[in-house]
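Subject: Structure handover

Hello,

Here is the structure for you to look over. Please open it next to this message. My notes follow below.

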Amino acid sequence: MTMIALRKHMYNMFRAICEFDVTAIESRHVPQKRGKFNPHEVYPIVLNHHSYADVKDATELSSLERYAKITIEADYEASKYREYGLLYDDLLHDEDAVVVEAINRLPEATRIQRENRIARAQQLNVLHETLPEEEWTKAENDLPYLSPYVEWVRNEMIEYDYHDWSRSGLPINPPPIYSPGDFNDGSFRNKRLIP
């Protein structure tokens, strides 16, 4: 595409956007109120170390399942967050917008408990100490309290995005999705970003 053709194309897109009747767009779509909505029931999350918790006799499992059970249990035993009294969901990256919104939707008591656990773990880490072994997090107590909320927020965001794209009518294509592999092998530089 030549530079003149590119300018014409961009001008036509700009003109279409400027002439678009913005008042025709209804207000932002908000999902209906769900009443007593329990994300733990709607989005049941099972952590890896709970996968084989109810299996007492290893002979009930196939050899591949036994290997998976041993690997999952060894991985859980080697994880250091238990030594600081943290739960698995305390490790979720709280600078991600989805996780921040999920934390805001937590019940107040749960959010305060989370903050206290993280503060205690940071203090222990600064002092280069861990909790006594009897206070470590046990596998049966390490339940996902935040992950269902994260799934709830993700699904709402997908719902918002779909509704926005379907109602806009603007002649703009959604941005291309690139994978990390595109940047590693150099194929990203060979792609034309503007058609």
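**What I found**

E108 counts as partly exposed, at 47% relative accessibility. (Buried is under 20% relative accessible area, exposed is over 50%, and partly exposed is in between, with a 1.4 Å probe and protein chains only.) Its partner R111 is buried, with a relative accessible area of 18%. The two side chains form a salt bridge of 2.5 Å, N to O. (That term needs a side-chain nitrogen of Lys or Arg within 4 Å of a carboxyl oxygen of Asp or Glu.) E108 and R111 sit three residues apart in helix α5, about one turn of the helix. Elsewhere, E101, R105 and E156 are joined into one network by salt bridges that share partners.

Before you go further: this is a predicted model, where local features need pLDDT of at least 70, side-chain atom pairs count only at pLDDT 80 or more, and totals for chains, interfaces and linings use all residues. Numbering starts from 1 along each chain as its sequence is written, and side-chain values use heavy atoms, with hydrogens and water left out.

**Confidence**

The mean pLDDT of the protein is 76. (pLDDT is the predictor's confidence in each residue, from 0 to 100.) A value of 70 or more is reached by 69% of the residues. Among the elements, α5 has the highest mean, 94. Helix α8 (residues 187-190) has the lowest, 52. Treat residues 22-30 separately: pLDDT stays under 50 there. The model has eleven contacts beyond four places in sequence for that stretch. (Contact means heavy atoms within 4.5 Å.)

**Overall layout**

The protein has eight helices and zero strands. (Both are DSSP runs numbered from the N terminus: helices are H or I with at least four residues, strands are E with at least two.) Of its 195 residues, 25% count as buried. Take the contacts with a separation of 6 or more: residues 24 or more positions apart account for 77% of them. One long-range pair is P44 and S147, 103 residues apart in sequence. Their C-alpha atoms are 8.8 Å apart in space. P44 lies in the loop between α2 (39-42) and α3. P44 counts as exposed, at 60% relative accessibility.

**Helices α4 and α5**

Helix α5 covers residues 108-126, 19 residues in total. From first C-alpha to last it reaches 27 Å, close to the 27 Å expected at 1.5 Å a residue. (The expected span is 1.5 Å times one less than the number of residues.) Its buried residues are R111, R114, R117, I118, A121 and L124. Seen down the axis of α5, these fall within an arc of 160°, so they line one face of the helix. (The arc is that of the directions from the helix axis to the C-beta atoms.) On the other side, A109 and V126 are exposed. The buried residues of α5 pack against α4. After α5 comes H128, with a positive phi near 60°.

In α4 (residues 97-105), V98, V99, A102 and I103 are buried. Down the axis of α4, the buried residues span an arc within 135°, so they too line one face.

**D90**

What does the side chain of D90 meet in a polar contact? The side chain of R117, at 2.7 Å. (A polar contact is a pair of N or O atoms within 3.5 Å; within protein, one must be able to donate a hydrogen and the other to accept it, and residues adjacent in sequence count only if both atoms are side-chain atoms.) D90 is in the loop between α3 (63-78) and α4. D90 is buried, with a relative accessible area of 7%. Leaving aside neighbours within four places in sequence, D90 is in contact with R114, R117, I118 and Y145.

**Other salt bridges**

The structure holds eight salt bridges. One of them links E73 and K69 at 2.7 Å, N to O. Both lie in helix α3, four residues apart, about one turn. E73 is partly exposed at 39% relative accessibility, whereas K69 is buried, with a relative accessible area of 15%.

Another joins E77 and R82 at 3.4 Å, N to O. Which end is buried and which exposed? E77 is exposed, at 53% relative accessibility. R82 is buried, with a relative accessible area of 7%.

Best wishes
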